Amino acid sequence: MKIIIIGRTVNLLNSAKKLENLGHSIVGVITSKSSPEDKVDENHFSKYATEMGIPFLCKSKIDIFIIRKVFKDVKAEIAISINFTSIIPQNVVEYFPLGILNVHGGDLPKYRGNACQAWAIINGEDKIGLCVHKMIGDELDSGDIISRTYVKIKQETSIGDIYKKFEKLIPKILIDSINKLDSNPEFVLEKQSTNPAKIIRCYPRNPQDGLIDWKNSSIQIHRLIRASGEPYSGAFTFFKSERVTIFKSKVVNEKTKWYGIPGQFAEFTKDNTLNVLTGNGKIELIEIEFDGKRCKPGEIFNSLRSRFKNNKNDI
């Protein structure tokens, strides 16, 4: 099958190479400016297109006129998209006889939109879907589902863990989808519901959303830490107006009653970790970054009279 790839990330590039190895033909590349977590940038896609001798386009938005101009001679049957920067118009989708397949890290029709993996962790989901669906132009993550799989979310699963699993799964699920449509162009695993009650729209998260509110429960804070970690900048708090980034934690399970202020240092462990009071329960901080140093909290802090603050200007 002749395929144009659209989007960013190392997952798209790896999928293209594996599809090529299986006998499909990548006949064009469309990409846009990358983000740090993509692991590759537009130069990698440009180099790939040059090596393959195929047309290359780098734009944040595409329309039918530029598609016809740049890719008129390649006769692509289908396109695959991962993390493109804008919604694709319907006339571009219709340009391809078999449409455009989009890879989406969310359990469609729930979790449409952005940062779905982070929102799933924050919301306490026990799994996150990975779907390949046929695009409907000018719409967000709608269209018939061709393939679906799941990644389990455990109490210790971080956003980085999910991304690592997606790196292995995305080429496989794309190959499965292409093979299904190659055998049967009408194949549909599941039609997406259009019932608004079954659809959840997720919006982007920004680095400042990782600010910890110690009045929240230990479970909520632990989820935020897991959802904000690498490859992103991490959940954070303040100690004497200095930022402390927290990369690893776990919920402390104990029945002892206590009185204290959320953010209060509670115990230093023999492993140099630190238990902190929250609005409900304690959380154990295992790995932090403070003053440019990545370490265990007990290597930096030593007083139970100390507290973390929700804001660097708090008293």
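**Helices, hairpins and cysteines in a predicted model**

Colleague: Against which elements do the buried residues of helix 7 pack?

Modeller: This is a predicted model. Within it, the buried residues of helix 7 include Ile221, Leu224 and Ile225. The elements they pack against are helix 5 (116–122), helix 6, strand 10 (235–239), strand 11 (242–252) and strand 14.

Colleague: Why is helix 7 largely enclosed by the rest of the structure?

Modeller: Helix 7 covers residues 218–228. Ser218, His222, Arg226, Ala227 and Ser228 are among its buried residues. Helix 7 is largely enclosed because the buried residues number 8 of the 11.

Colleague: How far does helix 6 reach from its first C-alpha to its last?

Modeller: Helix 6 spans residues 159–183, 25 residues in total. At 1.5 Å a residue, 36 Å is expected. The model comes close to that, at 35 Å.

Colleague: Where does helix 6 bend?

Modeller: The bend is about 35 degrees. A proline, Pro171, follows within four residues of the bend. Pro171 is also one of the buried residues of helix 6. The bend sits at Leu169.

Colleague: Is Thr157 buried or exposed?

Modeller: Thr157 is found in the loop between strand 8 (145–152) and helix 6. Buried means under 20% relative accessible area. Thr157 has 8%, so it counts as buried.

Colleague: Which backbone nitrogen lies 2.8 Å from a polar atom of the Thr157 side chain?

Modeller: Leave out residues up to four places away in sequence, and Thr157 touches Ile121, Lys152, Ile162 and Arg226. Two of these also turn up in the helices: Ile162 is buried in helix 6, and Arg226 is buried in helix 7. The polar partner is another residue: the nitrogen belongs to Lys154.

Colleague: How many disulfides does the structure hold?

Modeller: A disulfide needs two cysteine sulfur atoms within 2.5 Å. For Cys202, the nearest cysteine sulfur is that of Cys116, 4.1 Å away, and Cys202 is in no disulfide. The count for the structure is 0.

Colleague: Cys58 and Cys202: what is the relative accessible area of each?

Modeller: Partly exposed lies between 20% and 50%. Cys58 falls in that band, with 37%. Cys202 is buried, with 4%.

Colleague: Which residues of strand 13 are buried on each side?

Modeller: Strand 13 covers residues 274–277, and both of its faces are covered. One side carries Leu274 and Val276. The other side carries Asn275 and Leu277.

Colleague: In which sense does strand 13 pair with strand 12, and with strand 14?

Modeller: Strand 12 (residues 265–268) shares 3 bridges with strand 13, and Glu267 has Asn275 as a bridge partner. Strand 14 (residues 282–290) shares 4 bridges with strand 13, and Leu274 has Leu285 as a bridge partner. The sense with strand 12 is antiparallel, and with strand 14 it is antiparallel.

Colleague: Which residues take a positive phi in these two hairpins?

Modeller: The hairpin of strand 12 and strand 13 has 5 residues between the strands, and the phi there is near 70 degrees. The hairpin of strand 13 and strand 14 has 4 residues between them, and the phi in the turn is about 95 degrees. The residues are Asn272 in the hairpin with strand 12 and Gly281 in the hairpin with strand 14.

Colleague: What is the relative accessibility of Pro97?

Modeller: Pro97 is in the loop between helix 4 (90–93) and strand 5 (100–104). Beyond four places in sequence, Pro97 touches Ala76 and Glu77. Exposed means over 50%. Pro97 counts as exposed, at 66%.

Methods:
Residues are numbered from 1 along each chain as its sequence is written. This is a predicted model: local features need pLDDT of at least 70, side-chain atom pairs count only at pLDDT 80 or more; totals for chains, interfaces and linings use all residues. Side-chain values use heavy atoms; hydrogens and water are left out. The expected span of a helix is 1.5 Å times one less than its number of residues. The bend at a residue is the angle between axes fitted to the seven residues ending there and the seven starting there. Buried means under 20% relative accessible area, exposed over 50%, partly exposed in between (1.4 Å probe, protein chains only). A polar contact is a pair of N or O atoms within 3.5 Å; within protein, one must be able to donate a hydrogen and the other to accept it, and residues adjacent in sequence count only if both atoms are side-chain atoms. Contact means heavy atoms within 4.5 Å. Two strands pair if DSSP finds at least two bridges between them.
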